[in-house]
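Please examine the fold shown below from its interior outwards. The paragraphs that follow take up the packing, then the surface, then a few individual residues.

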Amino acid sequence: LNTAGIEPLTVQDTYAFVLDGVLFSVDPPKRSNYSEDDSNNSSLIVTVSDGENVLLFMGDAQTERLEEYLEADPVDCDFLKVPHHGVYNKALDELFDALAPRYAAICSSAKNPADDRTLELLAARNTDVMQTKDGDITVISDGRALEMSQRLP
């Protein structure tokens, strides 16, 4: 980064910016004392608001970080990048209830597919789910319509 003249920024408070009329809100973890084994809990959570569409990217957040996020009373989202490769944890049921996503993408692989319990929670909410193990996922928003598609290998 330094050779490119880019100065890294450590996000300690919610950081928001607008790019091409789209609002990006970066939510850092509220705690800095997660154990080293729980470094995924330090994931930034990014909300993208494009007109009527809300897209939420939850990184690799695990139980503690998700519970922390839920305390902030999150709003519904249209699209959710499911946290931590779709690994099940006890906070997901409440998270999916709070967010009510219409679409969800899970970064997974054939070796490490999403947990069946996570997929069942999303199916129970009629969420359209795609996994990257099945091919590239594209999400397109024009501020009103939102579509998710997958290119199979």
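In this predicted model, the largest nonpolar core comprises 21 residues, and those with the most contacts inside it are Leu56, Met58, Leu80, Leu95, Phe96 and Leu99. Two or more residues each are given to this core by strand S4 (53–57), helix H1 (63–71), helix H2 (92–99), strand S6 (103–106) and helix H3 (116–124). Helix H2 supplies the largest share, namely four residues. Another core lies apart from this one; it has nine residues, among them Val48, Phe79, Tyr103 and Met148.

Leu80 shows how the packing is arranged around one residue of the largest core. Residues up to four places away in sequence being left out, Leu80 touches Leu56, Met58, Phe96, Leu99, Pro101, Tyr103, Ala104 and Ala105. Of these partners, Leu56, Met58, Phe96 and Leu99 are themselves listed among the residues with the most contacts inside the largest core, while Tyr103 is a member of the other core.

Helix H1 may be considered next. Its buried residues are Arg65, Leu66, Glu68, Tyr69 and Leu70, and they pack against strand S2 (22–27), strand S3 (45–50), S4 and H2. The buried set thus includes the charged residues Arg65 and Glu68. Glu68, found in helix H1, counts as buried because its relative accessible area is 11%, under the limit of 20%. The side chains of Glu68 and Arg65 make a polar contact with each other at 2.7 Å. Just after H1, Asp73 adopts a positive phi of about 55°.

Positive phi values also occur in the loop between strand S5 (79–81) and H2, where His84 is found. Most residues other than glycine have a negative phi. His84, although not a glycine, has a positive phi of about 50°. His85, which is found in the loop between S5 and H2 as well, has a positive phi near 60°. Which of the terms buried and partly exposed applies to His84, and which to His85? His84 is buried, because its relative accessible area of 16% is under 20%. His85 is partly exposed, because its relative accessibility of 35% lies between 20% and 50%.

A second polar side chain in the interior is that of Gln131, which has its place in strand S7 (residues 128–131). With a relative accessible area of 8%, Gln131 is buried. A polar atom of the Gln131 side chain lies 3.0 Å from the backbone nitrogen of Ala114. Neighbours within four places in sequence being set aside, Gln131 is in contact with Ile106, Ser108, Pro113, Ala114, Leu119, Ile137 and Gln150. Ala114 therefore appears both as a contact of the buried Gln131 and as the residue whose backbone nitrogen lies 3.0 Å from a polar atom of its side chain.

On the surface, Leu9, Tyr15, Phe17 and Leu19 make a nonpolar patch of about 390 Å². Phe17 belongs to strand S1 (residues 15–19). At 32% relative accessibility, Phe17 counts as partly exposed, so this residue satisfies the patch requirement of over 30% relative accessible area.

Notes
Residues are numbered from 1 along each chain as its sequence is written. This is a predicted model: local features need pLDDT of at least 70, side-chain atom pairs count only at pLDDT 80 or more; totals for chains, interfaces and linings use all residues. Side-chain values use heavy atoms; hydrogens and water are left out. Buried means under 20% relative accessible area, exposed over 50%, partly exposed in between (1.4 Å probe, protein chains only). A polar contact is a pair of N or O atoms within 3.5 Å; within protein, one must be able to donate a hydrogen and the other to accept it, and residues adjacent in sequence count only if both atoms are side-chain atoms. Contact means heavy atoms within 4.5 Å. A nonpolar core is a set of buried Ala, Val, Leu, Ile, Met, Phe, Trp, Tyr and Cys residues joined through side-chain atoms within 4.5 Å. Patches are made of residues with over 30% relative accessible area and no salt bridge: like charges are joined within 9 Å, nonpolar side chains (Val, Leu, Ile, Met, Phe, Trp, Tyr) within 5 Å. Accessible areas come from the Shrake-Rupley method with a 1.4 Å probe; for residues, only the protein chains shown count as cover. A salt bridge is a side-chain nitrogen of Lys or Arg within 4 Å of a carboxyl oxygen of Asp or Glu.
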